[in-house]
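Me: I'd like to go through this one with you, a few questions at a time. Could you put it up?

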Amino acid sequence: MAGELVTRQQALPPPGENASLIGWARKNLFSSWFNTLQTLLALGLLALLLRPALVWLFEQAEWRVIQDNFRLLMTGQYPIDQLWRVWLCLHLLAAILGLTWGVWVRGWWYIGGAILLILAVLAALARDPAVRLHLLILVGSALFGVGLGWVGGRRLLGRTLTGAWVLYFPLVLLIIRGISGGEGEFRLVPSNFWGGLLLTFLLTVVGIVVSFPLGILLALGRRSQLPAIRWVSTAYIELIRGVPLITILFMASTMVPLFLPSGVTIDRVLRAMVGITLFSAAYLAENVRGGLQAIPHGQYEAAQALGLSGFHTMTLIILPQALRIVIPVLVGQFISLFKDTSLVTTIGLLDLLGIGRSILANPQYISYQHEVLVFITFIYWSFSFLMSLLSQRLETALGVGQR
Amino acid sequence: MNQPQNQLPEFQKSAPLWRDERVLRIAGQVLFLILLAAAIVGLIDNMLDNMRRQGLQPDFTFFRLTSGFDIGEHLIPYDRTSTFARAFLVGLLNTLLVSGLGILIATLLGVFFGVCRLSTNFLVRQVARGYIEFLRNIPLLVLLIFLYVGVFIQLPRLREALVLPGPTLLSNRGVAIPGLVAGPTFQTYRLVLVGALLLAAGVWIGLTWQARRSGRAPLTLVWSLLAFLAAAAAGWIWLPSPPLILEPPAVQGLRVVGGVTLSPEFMALLTGLSIYTSAFIADVVRAGIQSVSRGQVEAAKSLGLPAGLILRLIVFPQALRVIVPPLTSQYLNLTKNSSLAVAIGFPELFHVSGTILNQSGRTVEVIILSMGTYLSISLITSALMNWYNQRVRLVER
């Protein structure tokens, strides 16, 4: 019997295919004449596109325009003496992200390490001592977070971490906005001073945080047994999903003032936030509904059999499972929300893209379209890409589809 | 235990009205509707109030007034003496044009890159992956502005226009491609086309009738299409001179003569929408192909089918069922995203609506009308795609 077990080994692949580079290339690139043709075509295409792109990127492009306007691109016209508040938000974010990494992610160290290394190099290169200090604090708080998370572990810190994420976003809004009145260190900074990447982030964050509960309510409403609530929810969702975001933003910026009683005014940024939230809620509702539909009916029946009320059935049994299923989809939704915030440019807000365009309108920088737009594209791309990587990791960490 | 067991307790005989669940449900819904209606009425009341203060009243008749502005590109005759309604129609047609062409190109590119993403060739796979990952993670608006500001209006001036085979002229005035012009015999040829259409319809009806009699499914669509093409080609040859002439564009002084000139705005919008959506379609196609079980491909291989036929006859028909629903929403996204043209100045529906709004000052009416139009386009498209989806589903075994 023992002999049979020994012979049940898996056969090793022939050495040529995996061991050597040539073997690998022959299998993956040149296995047939058609395959070879594909390889050559792809190589030709790459050479045709990449070479001029690289030459432009490293030799022709003049990145001075980005250097000169870096602060504008990042924070818009946020008062310079109040910039420490933006930094404070970043430090908190670094700590929470580090904590998440230590508690949940626990892998992909090379990516985390690369980000920290880039920050450290930037700190070494920074000319402004204040910026250098802040960058170092950033690295420090991220490392602190990772360490704490690693030591504390999932059981101890899991709940705390969720709470920290939930609390973080309102806190950021408070820090950025400040407390009304006064000239002190924590004075009010009206939203028309918010701009650049900061505004992009704030719009995204508000969109996510406010539309999330709204979306869940709408999803539950659409599955409700009460026809009036079901019809109203369905009508709202289909109406919003049927029109472009830009029309909703436009409506929010021109019609919301009309809807309000006279004398009440709300500022432009808030109007944009209202538009984005109303839009995002409808899409979130559809995603959440997908999760709700995936929960087998037995779960409802079991909850009923235990004597749970409708409210408790939802909050304790159904929603936790449904939301876990749709986490990857939700992250995808948040990525597209992040990208969609660029549309506020069309109603005259100065988010990252809007500030970029206003820089290009300056006669001094009018011929730097490529540099500015490539830089903006790079920022949007890197954040979206990072988020999608994180969502994949989260998917495996939460065991989506494996329970 | 004074009470006998088999008698029902008092409260189960008839619950009072305020504790009867059925009554409560209805009451709750009525209350909900009343609150909702009150909120909406309140908002509208505010709106009317505010409008009255500005001396306005909701009124759609202004659409019959003269617009007084020009639109650069129009598919139907239009000038500044036309009405607002006609301007709106011009915008709608431009939206439909760019969406239709965009959907076509995006589908072709998307299927191409989706298949490349699953290629056995490592390099092809990675190139497709780079294309998809790049486009999926940038905002469309940035792409559109880059294409417009950074590419299409930075092409050389007309005198130094780049000439591609075709001939196609690339300049900062736009892209000039050859156009079809009606020849002297075009009137006659239209009759020929009508005849060909009738023939095709005849073939269709005949084959359908025969199919119902014999119980075998012939290629109805293919045969009627062939009949139409054959009749059309025969007419083309039979006429003394060709009814449609291909007219190449040519530079004459400061403008292009002949052919069709597509403006930089249109080109930027079309290119941007197509490649952006193609990345999403590529992912949809990839997921669809991957949903076809491996055994199907292996079985086809063991039957000796070549790779191209496996894809066309085995994989695609089965993948289509998974692909169609998300593909529909991508098509709708593309149509809705065409409204971003407002940032680069192509006169589609939303852009024209904005101009109408500025000219007439009728905020509410214009917004309601343009949102309603987008909503109708969305609903009609999804109704059509649902119908198609059901036809694809009929194949299911």
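Me: Which helices do the buried residues of H4 of chain B pack against?
Reply: This is a predicted model, so keep that in mind throughout. The buried residues of H4(B) include B:Leu123, B:Val127 and B:Ile132. They pack against one helix of the other chain and two of their own: H4 of chain A, plus H3 (84-116) and H8 of chain B.

Me: How far apart are the end C-alpha atoms of helix H4 of chain B, and why does that agree with its 15 residues?
Reply: Helix H4(B) covers residues 122-136, and the reckoning uses 1.5 Å a residue. The expected span takes one less than the number of residues, so it should come to 21 Å. The end C-alpha atoms agree with that, at 21 Å.

Me: Which helix gives the most to the side of chain A that touches chain B?
Reply: Across this interface, 44 residues of chain A are in contact with 47 of chain B. On the chain A side, H4 (33-60), H11 (227-242), H12 (245-259) and H17 (369-398) each supply at least two residues. By class that side has 27 nonpolar, 16 polar and one charged. With ten residues, the top contributor is H17(A).

Me: And the largest nonpolar core, which helix supplies the largest share of it?
Reply: That core has 135 residues, and B:Val142, B:Leu144 and B:Leu269 have the most contacts inside it. Leaving out residues up to four places away in sequence, B:Leu144 touches B:Ala268, B:Leu269 and B:Gly272, among others. The largest share is 15 residues, from chain B's helix H8 (residues 264-291).

Notes: Residues numbered from 1 in each chain as written. Chains lettered and ligands numbered in written order. Predicted model: local features only at pLDDT ≥ 70, side-chain atom pairs only at ≥ 80, totals over all residues. Contact = placed C-beta atoms within 7 Å. Helix = DSSP H or I, 4+ residues; strand = E, 2+ residues; numbered from the N terminus. Nonpolar A, V, L, I, M, F, W, Y, C, P; charged D, E, K, R; others polar. Core = buried A, V, L, I, M, F, W, Y, C linked by C-beta atoms within 7 Å. Buried ≥ 20, exposed ≤ 12 C-beta atoms within 10 Å, placed from the backbone.
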